[in-house]
Structures are given as C-alpha cells and as structure tokens.
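Morning, everyone. I have one structure to show you today. Let me put it on the screen.

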Amino acid sequence: MQVSLYRAVEAVFRKEALISLRSRASWLVVLMFALTTLSCVSLLMQGDVLSPRLAAAMLWVILFFSLLSGAGRGFADEEQEGTLMALSVYGSPQAVLFGKGIFMAVLLFALSLLIVPVYLVLMDIPVFSVLLLFAVLLAGTYGMAMAGTLLSALMVGAKAQNGLLAILMLPVLLPILLPAIVLTAGCFSGEAARISYLVGMLLYDGIMTLAASLLFDFLWYED
C-alpha cells in the first residue's frame, strides 16, 4: 500500500514537472516580478541601512507576493486545460495532494534561493547564520506550498481565483510568516536564535500537512 502510494505520488510529481517545463514562461514571469520588486526597493532605499527586523519583514513580504502567484497554480492549470476530470478519475486524492504539494514546495524553495541572494546583495545585508536562514526558507516555503495546494483545490471553479487566494492565504500563513520574520531578523543581526520559533514553524508545517490530508478527500470527491 505504501509502495503504491509512493509511486502514485512520484507519478503526479513527474507530471507536474513536465507541465512546468512546458509553461516555464509563466514561472519566468514570477521570477521577473520578484527581481523587478527587488530592484525598485533597492533604488528607493538609495543606500540607506535597514534595521534587521524591517529588512526581514520586507524580504518575507516580497517572498509572499512573489510566491503567491505560483502557489495557486496547482489546480487552476488543470481546470483551464480540461484535465481536472481525468485527474480526479485516475488519480487517488492523497497522491494528487502530495504530488502537487511536494512539487510546489520544491519549486517555491528553488525560487526563494534565487530571490534571497539577490535581495541580500542589493540591500547589502549581512547574514550571520546561513544554515538557520536556509532552514527558515525551507520550512516557510513548504508551508506556503501546502496551504496554496489546499486552497487552490478549495477554489476550483470559483471566479477571480487569484484575488480569493490572496485573501485566504494571508490569514492562513500568518502563523508561519511571523516566526519566519523573527528568525530571519536574528540571522541578519547575529542575535541568538530562538529555536522555539523554528519548532513552531515545523509544527505548523506538520499541522498543515495533516489538515490537508484529512480535508482533501472531501474536497476532491466533492469537486
């Protein structure tokens, strides 16, 4: 049973990778949006030094809005291309959830690895704990991906999906964004890391994964 589920998740993951390769222009738009935002912020600052907390908050705001457009693509593309019905017939709910969710997490984390170094260079921000920042980005993007996958499934067939996703994502992601900002600020200032915040982010990821797993069967068959 576990082997068959693993293979099903792997199959959905590969399908998502192939689709993303075919529509890579849309992901380049997301990346260009992030780079344009970073450039504008850097030019407006004109060499001013930001406090670590403000710099961390600005970074996660940029990440949130940059990655938001990608997090909601999970089922919107399926609906537009007319493949959602076939996926619901041949794909098990858990395989679809984790295949799409894990792929989205990998993709969002890769995008963040491109965005964050550019931000650090343009804003001239030192990093005192690279490993902690890496862990925060990993935990944060995973939470965004799972929340985006679940909410994208919830809004299948709804009008103005992008606007609704932005409204719903913010309150859902606040419990992980706030500790991410605090930890990132500590990475920028060199203060002692508060591991409890990272544990809280990991707990959020676990709870989000469990909630998505429990709710997705109902959403999938209901749709």
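I'll start with the overall fold, then turn to the surface, then to one residue inside.

First, a caution: this is a predicted model.

So, what is the chain built from? Nine helices and zero strands. Follow the sequence and you read α-α-α-α-α-α-α-α-α.

Now the contacts. Take those in the protein chain with a separation of 6 or more. Residues 24 or more positions apart account for 86% of them.

How much of the chain is buried? The protein chain has 223 residues, and 47% of them count as buried. On the outside, about 11700 Å² is exposed. Carbon and sulfur atoms supply 71% of that area.

Next, the surface. Look at I195, V199, L203 and I207. Together they form a nonpolar patch. Their accessible area adds up to about 390 Å². Let's pick out L203. You'll find L203 in helix α9, which covers residues 195-222. Is L203 buried or exposed? L203 counts as exposed, because its relative accessibility is 54% and the cut-off for exposed is over 50%.

Now go inside. Find S112, in helix α6, residues 93-123. S112 has a relative accessible area of 0%, so it is buried. The cut-off for buried is under 20%. Which residues does S112 touch? Leave out residues up to four places away in sequence, and S112 touches L63, P117, L137 and T141.

To recap the two residues: L203 is exposed at 54%, while S112 is buried at 0%. Over to you for comments.

Key
Residues are numbered from 1 along each chain as its sequence is written. This is a predicted model: local features need pLDDT of at least 70, side-chain atom pairs count only at pLDDT 80 or more; totals for chains, interfaces and linings use all residues. Side-chain values use heavy atoms; hydrogens and water are left out. Helices (H or I, at least four residues) and strands (E, at least two) are DSSP runs, numbered from the N terminus. Buried means under 20% relative accessible area, exposed over 50%, partly exposed in between (1.4 Å probe, protein chains only). Contact means heavy atoms within 4.5 Å. Accessible areas come from the Shrake-Rupley method with a 1.4 Å probe; for residues, only the protein chains shown count as cover. Patches are made of residues with over 30% relative accessible area and no salt bridge: like charges are joined within 9 Å, nonpolar side chains (Val, Leu, Ile, Met, Phe, Trp, Tyr) within 5 Å. A salt bridge is a side-chain nitrogen of Lys or Arg within 4 Å of a carboxyl oxygen of Asp or Glu.
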